[in-house]
Amino acid sequence: MNPMPLLGCVLVALILPMSVANAEIPNAIAAPGQTPIATIHAQGAQIYECKPDAGGKLAWQFREPIATLFVDGKTVGRHYAGPSWELTDGSTVIGMVTGRASGASSMDIPLLKLEVVSQRGSGLLTGVATIQRLNTKGGVIQGRCEAAGKFVSAEYSADYTFYKKPSWSLIPHANRSERQHDQGKK
């Protein structure tokens with residue numbers, strides 16, 4: 001018997017806390033029909049750059065996250081520009097924001113839904129389709145931006161839940177095409 005599938009199941013069971021399964025997820029970031037495979041804690045900083053906005057006025061603009069990913073206090077990867085999540089098992093995903101909801105306070109960065117647009121390597125994140133950023137704390141920058149090109153960081157933490165789309169169907173593909181063919185005859 002190959003112990004790797006069993007090890008993967010045990011790892012997922014350890015990574016997914018019960019609070020995530022019972023948490024209220026805003027509709028704007030929900031992943032209906034998808035299965036959570038892991039929730040990983042991030043601790044780091046949101047980096048901002050002082051740049052002119054569309055009106056030419058200097059403003060803090062988000063540049064990138066820099067965070068360490070943890071499970072049970074152990075480092076399992078990193079989160080960085082892209083936005084990218086890279087685990088020590090060799091798997092990496094890059095996401096694109098498709099939904100957002102307010103954080104718990106005005107000082108907490110928003111909750112996000114991201115669709116995976118690129119993957120590489122193999123490991124836990126292989127096949128992930130959607131990522132949610134939940135339980136955000138901090139990360140919002142305050143104060144005026146007075147010099148273009150200046151950078152500032154705001155400490156933050158969040159939980160990232162990774163989802164896969166189901167890979168099975170109750171109706172086998174052959175039966176589905178036979179039914180579609182039969183319906184066309186009626």
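Here are two short exercises with worked solutions on this predicted model.

Local features need pLDDT of at least 70 and side-chain atom pairs count only at pLDDT 80 or more, while totals for chains, interfaces and linings use all residues. Residues are numbered from 1 along each chain as its sequence is written, and side-chain values use heavy atoms, leaving out hydrogens and water.

**Exercise 1.** Find which strand gives the most to the lining of the largest pocket.

*Solution.* Let's start with the terms: on a 1 Å grid over the protein atoms alone, a pocket is an open set of points where a 1.4 Å probe fits, with protein on both sides within 12 Å along at least five of seven lines, and lining residues have an atom within 4 Å of a point. The lining holds 19 residues, with Q46, F62, P83, L112 and R133 nearest the centre. Next, β1 (35-52), β2 (58-71), β5 (92-101) and β6 (111-120) each supply at least two lining residues; strands are DSSP runs of E, at least two residues, numbered from the N terminus. With four residues, β2 gives the most.

**Exercise 2.** Describe the salt bridge between R63 and E49 and the burial of each partner.

*Solution.* A salt bridge is a side-chain nitrogen of Lys or Arg within 4 Å of a carboxyl oxygen of Asp or Glu. R63 and E49 meet at 3.2 Å, N to O. This pair links distant parts of the chain, R63 in β2 and E49 in β1, 14 residues apart. For burial, take under 20% relative accessible area as buried, over 50% as exposed and in between as partly exposed (1.4 Å probe, protein chains only). R63, at 44%, is partly exposed, whereas E49, at 15%, is buried. Finally, salt bridges link E49, R63 and E64 in a network.
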